[in-house]
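Me: I would like to learn how to read a fold feature by feature, beginning with a loop and going on to sheet, helices and cores. Could you take me through one example?

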Amino acid sequence: MADQSGSRSDRDPRQGGGAMAERWRRFRDSPFLPASVLVLILATVAGLFAGSYTYTMANPTPHRIPAGVVGARDDPRGVVFVEMMERALNAALDLRPYDTPEQARDAVEEQKIFGIITVRQDGIELDVSGASGASVAQLLAEAGTRVGQNTGIPVQVRDIKPLQRGDPRGLALFYISLAAVILGFVGAIQLGVHASGLNPGERIAFTAAYSLLGGFTIAVAVDWVLGALDLPFVESWLILALTMFTSGMVFTMFNTLIGRWAILPTWGVMVLIGNPSSGGAVSWPLLPSVLGHIGRWLPPGASVNAQHTAVYFRGHQQLFPFLVLAAWAILSCTVFWIWRHRHPGGRPKDGDQDR
């Protein structure tokens, strides 16, 4: 008995380490490791997702609001009104002088300013533009009314560019762009799962196909079926299609570069950062300054900007958002094509089948 107990106490401690190493090897090679990593990643992403939207939308704060001014800027009433407006908003008004109301309205159409302050003999006219940004228009209108009451200066507030009846808060365009972004990369994921044998050219072609059809059905549902928005149909359809294609190819690019974890950078660029900073739910003057600048260079922000101008500022479409979407799409396709041999999909060539 003594010899047996002694043999236990004299057992090589390295055997225990070897057993632990063997158990780790089995766990590492099993499906439990990626499943465990996914549990941690999903929990983290859930918090980041909620936090990113809460950060931008829970307490939007103005910083600098571009506004036009018509009339004598040195008029005492105008000076007092502007000073009191900045105090009420806790932000600076980036005043831009115009000689006539027509010039100021043209600036609104070009989306250079969010409101117009006109100094008249009988008081102040404050024109806001709900279509430029419902949240900014509401802040300006509320502040203008309050300042007029406190100062005794007559203030007339009016919305010279209202939102459509089916889009009272200006969120419909944000939601259809969000749908295009998410369905774009989800479609690319599903191609990888259910059509993994597609070769590179075929994958790009089918991504374009579901983008064109998906953009069409989104536009049909919102305009023809629900009647929520009066869309410039072809232009809105093509913007949605380009958004879906870009989103799908962004995932395909990351899938080529880092494999099965491609959803992480895709989700980060397109959803965690891209959508809250797009200006669709909260206008860019109310966003944190860094996000307000970054958002315009990401696909969701470019999509919202292009769609917003197409619907509410027809005839004043800008090239920049299309260049952003096209640049991301071209970059993604180029990276995928150059390193296509690293992509997990595709069919083996005839010479590889017998190997």
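Me: Where is Gln-111 found?

Reply: Gln-111 lies in the loop between helix 5 and strand 3, in what is a predicted model. The backbone there deserves attention, since Gln-111 has a positive phi of about 60 degrees although it is not a glycine, and this residue comes just after helix 5.

Me: Is Gln-111 buried, partly exposed or exposed?

Reply: The relative accessible area of Gln-111 is 25%, so the residue is classed as partly exposed.

Me: Which residues of helix 5 are buried, and what covers them?

Reply: Within helix 5, residues 101-109, the buried positions are Ala-104, Ala-107, Val-108 and Glu-109. Their cover includes strand 1 (64-70), strand 2 (92-98) and strand 3 (115-120).

Me: How should I read the sheet to which these strands belong?

Reply: The general idea is that strands of a sheet pair through backbone hydrogen bonds, either parallel or antiparallel. In this case the sheet is open, has 5 strands in the order 2-1-3-4-5, and shows mixed pairing. Its edges are strand 2 and strand 5 (155-159), each of which pairs on one side only, and the twist from one strand to the next averages 25 degrees.

Me: Which pairs of strands run parallel, and which run antiparallel?

Reply: Strand 1 runs parallel to strand 2, with 7 bridges joining them, and one can follow this pairing at Pro-66, whose bridge partner in strand 2 is Asp-94. Strand 1 is also parallel to strand 3, here through 3 bridges, and Val-70 has Thr-118 as its bridge partner in strand 3. Strand 3 and strand 4 (residues 123-128), by contrast, pair in the antiparallel sense over 6 bridges, with Gly-123 of strand 4 as the bridge partner of Arg-120.

Me: Which helices pack on the sheet, and at what angles?

Reply: Helix 4 (residues 76-89) packs on the sheet and touches strand 1, strand 2, strand 3, strand 4 and strand 5, its direction making about 145 degrees with that of strand 2. Helix 5 packs on the sheet as well, touching strand 1, strand 2, strand 3 and strand 5, and its direction makes about 170 degrees with that of strand 3. As for how strand 1 is covered, 6 of its 7 residues are buried.

Me: How would I read a single residue of the sheet, such as Thr-118 in strand 3?

Reply: One can begin with accessibility and then turn to contacts. Thr-118 counts as buried because its relative accessibility is 5%, where the cut-off for burial is under 20%. Setting aside residues up to four places away in sequence, Thr-118 touches Val-70, Gly-123, Ile-124 and Glu-125. From Thr-118 to Gln-156 the separation in sequence is 38 residues, while in space it is 9.8 Å, C-alpha to C-alpha.

Me: How do helix 7 and helix 8 cross, and which residues make the contact?

Reply: For a helix pair one reads the angle, the axis separation and the handedness. Helix 7 and helix 8 pack at about 145 degrees with their axes 10 Å apart, and their crossing is right-handed. Helix 7 contributes residues including Ile-176, Ala-180, Leu-183 and Gly-187, and helix 8 contributes residues including Phe-206, Tyr-210, Ile-218 and Val-222. By class, the residues of this contact divide into 10 nonpolar, 4 polar and 1 charged.

Me: Which residues touch the most other members of the largest nonpolar core, and which elements give residues to it?

Reply: This core has 39 residues, of which Leu-229, Met-270 and Tyr-312 touch the most other members. The elements giving two or more residues are helix 7 (172-194), helix 8 (200-225), helix 9 (233-258), helix 10 (263-273), helix 12 (299-312) and helix 13 (320-338), and helix 7 supplies the largest share, 8 residues. A second, separate core has 24 residues, among them Ala-67, Phe-81, Phe-114 and Val-282.

Me: What does Trp-328 touch?

Reply: Trp-328 is found in helix 13. Apart from its neighbours within four places in sequence, Trp-328 is in contact with Thr-246, Val-250, Val-269, Trp-297, Leu-298 and Pro-299.

Key
Residues numbered from 1 in each chain as written. Predicted model: local features only at pLDDT ≥ 70, side-chain atom pairs only at ≥ 80, totals over all residues. Heavy atoms only, no water. Buried < 20%, exposed > 50% of the residue type's maximum accessible area, 1.4 Å probe, protein only. Helix = DSSP H or I, 4+ residues; strand = E, 2+ residues; numbered from the N terminus. Contact = heavy atoms within 4.5 Å. Core = buried A, V, L, I, M, F, W, Y, C linked by side-chain atoms within 4.5 Å. Axes fitted to C-alpha atoms, helices over the stretch in contact; angles between N-to-C directions. Left-handed = near helix turned anticlockwise from the far one by under 90°. Nonpolar A, V, L, I, M, F, W, Y, C, P; charged D, E, K, R; others polar. Pairing = 2+ DSSP bridges.
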